[in-house]
Amino acid sequence: MYRAAAKAAAAATAALLRGAGDAAIRRNARVPSPLLRAGIGGRPRFSTSVDAHQSPPGQSPNEHQSHQHARPGTPYYVDSTGPSSSSAAEAAAASASSSSSSSSGPASSAAEEARRRQRSSPLGDYREEQRRVLQASLRHVKTLGWSEAAMIAGARDVGLSPSIVGSFPRKGAALVEYFMDDCLQRLIDCIDSGDELNQLIPSERISRVIRIRLEMQIPYISKWAEALAIQAQPLNAPTSLKQRAMLVDEICHAAGDDSSDIDWYVKRTVVGGIYSTSEVYMLTDSSPEFRDTWAFVDNRVKDVFDLKKSFREVTFSGDTFGRGCRCGSGKFLARIC
């Protein structure tokens, strides 16, 4: 009798639990997975939907649940026979890039060098009307200086209203900066089109390019001290430094410089110093056709290359002396032992 009562109580309890479980599923509450109810698997796993406990054959309920709740637009399938499509695409892209880089060889390096040397026009940021006004204004610098008056006169020369000068916030500084950009563009054209530099050694190339650039300032030499003063003003200094850095970079490229380490900075610093000192020296040069200035440029470039040669010789001598000392000490130790 007791045994029958116990079986009846157990059956009633089981029925209540099944009813509570089904009600919980209908309420989308967390309940043990079917595998756990069947006694399969060790760690309990929980599902959050009715579809979770109806997993397809051969697939775990958690995988089925993640597939059902995947975000729209994202693939939820997993290929069990190989890597996923995204991994395969990444692997294919990596192999393609490696094969293309290995097969391209010198051609890719040449293309990279061409892209590195590709330069944008310094005058590309100017509008057509602005270029016309600034170019015409340069004819009045000798008499009016690097001033707003010269820009107004230039606007009248090209048939535009003087009010266009108001589009240049810094007036005289804009005229100086345009002249620097125009000279840089002319220098680039000269370097790219001339074969004269290819027949010179690096030191002669640097001297020649610096001279070509300084010769562009000769028509305005009487007013160039004013231009330097305008460039030195705090508001104009950043643009001035940028333009001079671009100029020095072109000079180094013309000399065949292709360094990519600390020498890149050292060479441009030295060349920039030579150009700036030569520019200041030119203001005080009263010799015919600025012969003293060109001699000054040649001597400074020669000093730099002589210093570089001396540094290499000292380094080589130090290495040789060090090797000799090590060899001599080794022989001495061999004798006493």
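The second largest cavity of this predicted model encloses about 50 Å³ of space, and it belongs to a set of 3 cavities of 30 Å³ or more that the structure holds. Its lining is made up of Met180, Asp181, Leu184, Arg213, Gln243 and Leu247. Two elements, helix H9 (172–193) and helix H12 (237–254), each give two or more residues to that lining, and the largest share, 3 residues, comes from H9. Sorted by class, the residues around this space comprise 3 nonpolar, 1 polar and 2 charged ones.

**The nonpolar core**

H9 also has a leading place in the largest nonpolar core, to which it gives the most, with 12 residues. This core counts 50 residues, and of these Leu138, Trp146, Leu175 and Ile210 touch the most other members. The table sets out the helices that give two or more residues to the core, with their residue ranges where these have not yet been stated.

| Helix giving two or more residues to the core | Residue range |
|---|---|
| H6 | 128–137 |
| H8 | 148–157 |
| H10 | 202–215 |
| H11 | 224–231 |
| H13 | 262–283 |
| H14 | 291–336 |

H9 and H12, which also take part in lining the second largest cavity, are likewise among the helices that give two or more residues to the core. As background, nonpolar side chains in soluble globular proteins tend to be buried together. For isoleucine 210, once residues up to four places away in sequence are set aside, the residues touched are Ile251, Ile274, Tyr275 and Val297.

**Helix H8 and its surroundings**

Within H8, the residues Ala150, Met151, Ala153, Gly154 and Ala155 are buried. The buried residues of this helix pack against three other elements, namely H6, helix H7 (141–144) and H9, and H9 is thus met once more, here as a packing partner of H8. After H8 comes glycine 159, a residue whose phi is positive, near 75°.

**Alanine 245 in helix H12**

Is alanine 245 buried, partly exposed or exposed? Alanine 245, which is found in helix H12, is classed as partly exposed because its relative accessible area is 47%, a value that lies between the 20% limit for buried residues and the 50% limit for exposed ones. Although alanine 245 and threonine 269 are 24 residues apart in sequence, their C-alpha atoms are separated by 9.1 Å in space.

Technical notes
Residues numbered from 1 in each chain as written. Predicted model: local features only at pLDDT ≥ 70, side-chain atom pairs only at ≥ 80, totals over all residues. Heavy atoms only, no water. 1 Å grid on protein atoms, 1.4 Å probe; cavity = no way out; pocket = protein on both sides within 12 Å on 5 of 7 lines; lining within 4 Å. Points joined across faces, edges and corners; volume = space filled by probe spheres on them. Helix = DSSP H or I, 4+ residues; strand = E, 2+ residues; numbered from the N terminus. Nonpolar A, V, L, I, M, F, W, Y, C, P; charged D, E, K, R; others polar. Core = buried A, V, L, I, M, F, W, Y, C linked by side-chain atoms within 4.5 Å. Buried < 20%, exposed > 50% of the residue type's maximum accessible area, 1.4 Å probe, protein only. Contact = heavy atoms within 4.5 Å.
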